[in-house]
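Reader: Could you walk me through reading salt bridges, burial and a ligand site in a model like this one? I would like the general idea and then the case at hand.

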Amino acid sequence: MPGFELFGSAERKEVNDVLDSGVLMRYGFDGMRNGHWKAKELESELQEKLNVKHVQLVSSGTAAVSVAMAVAGIGAGDEVIMPTFTFVASFEAIMMLGAIPVLVDIDDTLTLDPQAVEAAITSKTKAIMPVHMCGSMADLNALTAICKKHNLLLIEDACQAIGGTYNKKPLGSLGDVGCFSFDFVKTITCGEGGAVITNNESYFKHADHYTDHGHDHEGLDRGAETHPFLGYNFRISELQAAVGLAQARRLHDFVAIQKKHYTILRDALSAVPEVTFRTVPEGGEESYGFLNFFLPNLESARKTANAFKQSGVDACFHYFDNNWHYIRKWDHLKNLKSLYPISNEVKEGLKYLQTKTFEQSDHYIARNISCLIKLSWTEEQVKERAEKMKKAILEAL
Ligand SMILES: *Cc1c(COP(=O)(O)O)cnc(C)c1O
């Protein structure tokens, strides 16, 4: 998955354009920049690749999720439904706005279970946020129907899923707002960066202003701009955008490589009857950034994870025992360990985490192994790896 595996002359050329002019800022300095607008170019590139009307680059994927909520008017005391399996950033971004993350079970897609979502809706719910973890999606038809029925927003955390599709539409473009990360380990990387995408003109305008201190971007002179509302700084720099531009132009090539490697590994593991694969909902196509499969139980999954390590099969994760990606180890959230005071509303809103258990999520995550698909492997290396994986699984069973 990490785009950095294929860094080369294209990235260098784009970055040198920026260094040659010396303008690292995405706005203004028109006379100095030799016509280079890397952030704008990257926004156009993504607009085309993701088939969406508007793209706003931001400083990170975490910022993207926060900005997505803010532009849609989500704030203090609002509830946002999200899955138990994601990266900590998903709830951080919600809490940054004073809103309340409501975590619900996943199903065999490893993403939101629509039934669990519907059961969690209250009068405070404002949005549903599926996270397309490891490159694949929830039943988005079902989630869209729930949003319509209850008048909720659909915000896609597509940070790990650029290049995947659902009903032929790029992931991230199906909901009201979609979010991407271009951090160092994502399929497309800027070093640090992210994007908010939307077909909603007003949300886009909000994002354009909000991510740059609320400046309206309508004055001729930056200091002459007015502020229709409060904002912050979630800008990307030209240097980061330059790297991302070189990467984004190769998005389809990257996904094709991932698919090729994924298919070789999956075909090999399919020969083991005890191995089953994550469900991809009808109409969905993964981004192939990870291969996710299930072992029969927790013990065989733990043994497999260890056997992979012993035999040098790297970049495979047993998320049940991982501190970053699954509710089981998020004690800092459950116990609300905050550096600064948190509102009573949020404290109350998160009390359920002290007692709620997530047996259904445990059932899937305990048995799941998730293997990163690398771009830099040769076909021979992938085939060798497939054999090693098969052997390690058979030993672990
Ligand atoms: C990486 C990631 C984020 C956050 O992105 P950053 O750019 O690292 O802030 C959010 N959600 C998911 C699912 C991610 O994988």
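Author: Gladly. Let us start with two residues: glutamate 14 is buried, and lysine 38 is buried as well. Please keep in mind that this model is predicted.

Reader: What do the side chains of glutamate 14 and lysine 38 form together?

Author: The general idea is that side chains of opposite charge can pair when their charged atoms come close. Here, glutamate 14 and lysine 38 form a salt bridge, with 2.7 Å from N to O. This pair links distant parts of the chain, since glutamate 14 belongs to helix H1 (residues 9-21) and lysine 38 to helix H2 (residues 38-49), 24 residues apart.

Reader: How many salt bridges does the count come to?

Author: The count comes to 25 salt bridges. Let us turn to helix H15 for two of these pairs. Lysine 383 bridges to glutamate 379, with 3.2 Å between the closest N and O atoms.

Reader: Why are lysine 383 and glutamate 379 separated by about one helical turn?

Author: Because they sit four residues apart in helix H15 (residues 379-396). As for accessibility, anything between 20% and 50% counts as partly exposed. Lysine 383 has 45% relative accessibility, so it is partly exposed, and glutamate 379, at 39%, is partly exposed too.

Reader: And the other pair: which residue does lysine 391 bridge to?

Author: Lysine 391 forms its salt bridge with glutamate 395, and their closest N and O atoms are 3.8 Å apart. Both residues lie in helix H15, four residues apart, which is about one turn of the helix. Are they buried or exposed? Over 50% counts as exposed, so lysine 391 is exposed at 56% and glutamate 395 is exposed at 57%. Elsewhere, salt bridges with shared partners join Lys13, Glu14, Asp17, Lys38, Glu41 and Arg249 into one network.

Reader: Let us try a polar residue. Is threonine 86 buried or exposed?

Author: Under 20% counts as buried, and threonine 86 has a relative accessible area of 1%, so it is buried. Threonine 86 is found in the loop between strand E2 (79-83) and helix H4 (89-95). Its side chain makes a polar contact of 2.6 Å with the side chain of serine 90.

Reader: Which residues make the nonpolar surface patch?

Author: Phe7, Phe184 and Val185 make that patch, which covers about 280 Å². Valine 185 is partly exposed, because its relative accessible area is 43%. Its place is in the loop between strand E8 (177-181) and strand E9 (194-198).

Reader: Now the ligand. Which residues come nearest to the ligand?

Author: There are 15 residues around the ligand, and Gly61, Thr62, Ser181, Asp183 and Lys186 come nearest. By class, this shell has five nonpolar, seven polar and three charged residues.

Reader: Which side chains should I look at for N and O atoms close to those of the ligand?

Author: Try three of them. The side chain of aspartate 157 has an N or O atom 2.9 Å from a nitrogen atom of the ligand. For glutamine 160, an N or O atom of the side chain is 2.9 Å from a ligand oxygen atom. With serine 181, the distance from a side-chain N or O atom to an oxygen atom of the ligand is 2.7 Å. How much of the ligand's accessible area does the protein cover? On its own the ligand has 380 Å² of accessible area, and the protein covers 94% of this.

How values were computed:
Residues numbered from 1 in each chain as written. Predicted model: local features only at pLDDT ≥ 70, side-chain atom pairs only at ≥ 80, totals over all residues. Heavy atoms only, no water. Near = heavy atom within 4 Å. Polar contact = N/O pair within 3.5 Å; in protein donor to acceptor, adjacent residues only side chain to side chain. Areas by Shrake-Rupley, 256 points an atom, 1.4 Å probe, with all protein chains shown as cover. Nonpolar A, V, L, I, M, F, W, Y, C, P; charged D, E, K, R; others polar. Patch = residues over 30% accessible without salt bridge, like charges linked within 9 Å, V, L, I, M, F, W, Y side chains within 5 Å. Salt bridge = Lys/Arg side-chain N within 4 Å of Asp/Glu carboxyl O. Helix = DSSP H or I, 4+ residues; strand = E, 2+ residues; numbered from the N terminus. Buried < 20%, exposed > 50% of the residue type's maximum accessible area, 1.4 Å probe, protein only.
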